[in-house]
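Here are some short exercises, each with a worked solution. Look at the structure, try each task, then read on.

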Amino acid sequence: MRIIINAAIVLFIGLLLGGISANFALQRTHGIGAVNTGPWSAWPFVGGAQVDPYTSAKATSDGTIPLGAAEGLAFEAINDQDGKRLSKECNYEVAGQTSSARLWTLSAYDDAGNLVVNDAAQKSALYSGNLVRYPDSSFVIKISSTPRSGNWMITKGSGDFKLILRLYDTPITSNSGVIDPQMPRIKLIGCQE
Amino acid sequence: MKTRLIYLGVCSLILAGIIHIVIILLIPSLGSKDAAKQIAAKLDTHQFYHIGDGNAFGISTSDPYLKLSVCKFDLTKTAIQIIGNEAKTFWSASVFDETGKIIYSMNDRTAIKNELRVVIVNPIQMADIRQTQPEEIESSILVESQNMKGFVLLRALVPDPSWQTHSDDFLKSAKCMPYNTNIAIVPDA
């Protein structure tokens, strides 16, 4: 009798801890097998043969199709510069410069992987060719639910979101590894009550 | 009592570790959201399908500025030739194997004369091509695949709505057709 109870306890705790830690490794931690710069993480090897099991599992559970080395590289951020989770109720400024690339896009996604706002008039996405920039080619993108001057990306609703910045046709994927990519800062401006 | 608790705790942790590893390793083969699997299951071979942002095929977090076209191929019988019209917008193509691993990728600037001309072959067909050296091959990029099955994903940039037709034309005009590498070798006269 006692051995059955023992086995049941071990099984219960084992399954629970194993499941929670696997989920945690895929959803919450950000950067196993990744190249990290500030809040941004990229997985340059996700489509390759040498991919590590965590990156491979994350790609499957996210439902993403990787970009090839000649196509570009996607950087993902779930936190702001200070490590706080990105929230749709808050306003942010994405400012600075990116590593060199022919073009890039920045998009905001909800937890299900859909664009935060995606209708005929507005979508939570920006293309590098349509930006207003400073003379030194740096830029500021304001992320907010209400219209802003300059480069504005719309968000709506409540809950977490993530940003994906995709650099297309960029030399950083073909250099010997990804050496210290330059990425914009994500600054929290304020939150609605 | 105390030793029993420690014993149980250690057993639980070992089991938790095993479960953790098993889950991580099994997700790629059992995950239902896997886009590569949906493409393999839903599409016919040797034809490009314009799939927009790919949502219908389980491709999530897709880039709203890039539209997709996909062609599933099978190299068992013939090689595959991929041809596209010239495009004024950024485009890229990648060749995936069945499991979604990238075999080869390119963009409009790495292509020969900025044109989409690719021939995908298996190792035997590669040997055939080396023997016959057909003319079309000179202007095409040759990709050798160890896997017989896979798919080609074509991406085209739509910077704003006025480019929609141009990008769509490029994606729709792309052809993915069987290519015969086994053309009878003309014996020396």
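The model is predicted.

**Exercise 1. Find what share of the contacts in chain A, between residues at least 6 apart in sequence, join residues at least 24 apart.**

Step 1. Keep the contacts in chain A between residues at least 6 apart in sequence.
Step 2. Of these, pick the ones that join residues at least 24 apart: they make up 68%.
Step 3. Turn to burial. Chain A has 193 residues, and 40% of them are buried. Buried here means that 20 or more other C-beta atoms lie within 10 Å of the residue's own.

**Exercise 2. List the elements of chain A and give the extent of the chain.**

Step 1. Count them: chain A holds two helices and 10 strands.
Step 2. Read from the N terminus: α-β-β-α-β-β-β-β-β-β-β-β.
Step 3. Fit a box along the principal axes. The C-alpha atoms of chain A fill roughly 75 × 45 × 30 Å.

**Exercise 3. Explain why strands 8 and 10 of chain A each have one side without a neighbour in the sheet.**

Step 1. Write the order of the open sheet in chain A: 8-7-4-10, four strands with mixed pairing.
Step 2. Look at the edges. Strand 8 (151-154) and strand 10 (185-191) of chain A stand there, each with a single partner strand, so one side of each stays free of a neighbour in the sheet.
Step 3. Add the twist: neighbouring strands of this sheet are turned by 25° against each other on average, direction ignored.
Step 4. Check one pair. Strand 7 (residues 139-144) and strand 8 of chain A run parallel over four bridges. Ser144(A) has Ile154(A), in strand 8, as its bridge partner.

**Exercise 4. State how far apart the domain centres of chain B lie.**

Step 1. Mark domain 1 (1-30) and domain 2 (35-179) of chain B.
Step 2. Take the C-alpha centres of domain 1 and domain 2 of chain B: they lie 43 Å apart.

Technical notes. Residues numbered from 1 in each chain as written. Chains lettered and ligands numbered in written order. Predicted model: local features only at pLDDT ≥ 70, side-chain atom pairs only at ≥ 80, totals over all residues. Domains from an automatic or database assignment. Pairing = 2+ DSSP bridges. Axes fitted to C-alpha atoms, helices over the stretch in contact; angles between N-to-C directions. Buried ≥ 20, exposed ≤ 12 C-beta atoms within 10 Å, placed from the backbone. Contact = placed C-beta atoms within 7 Å.
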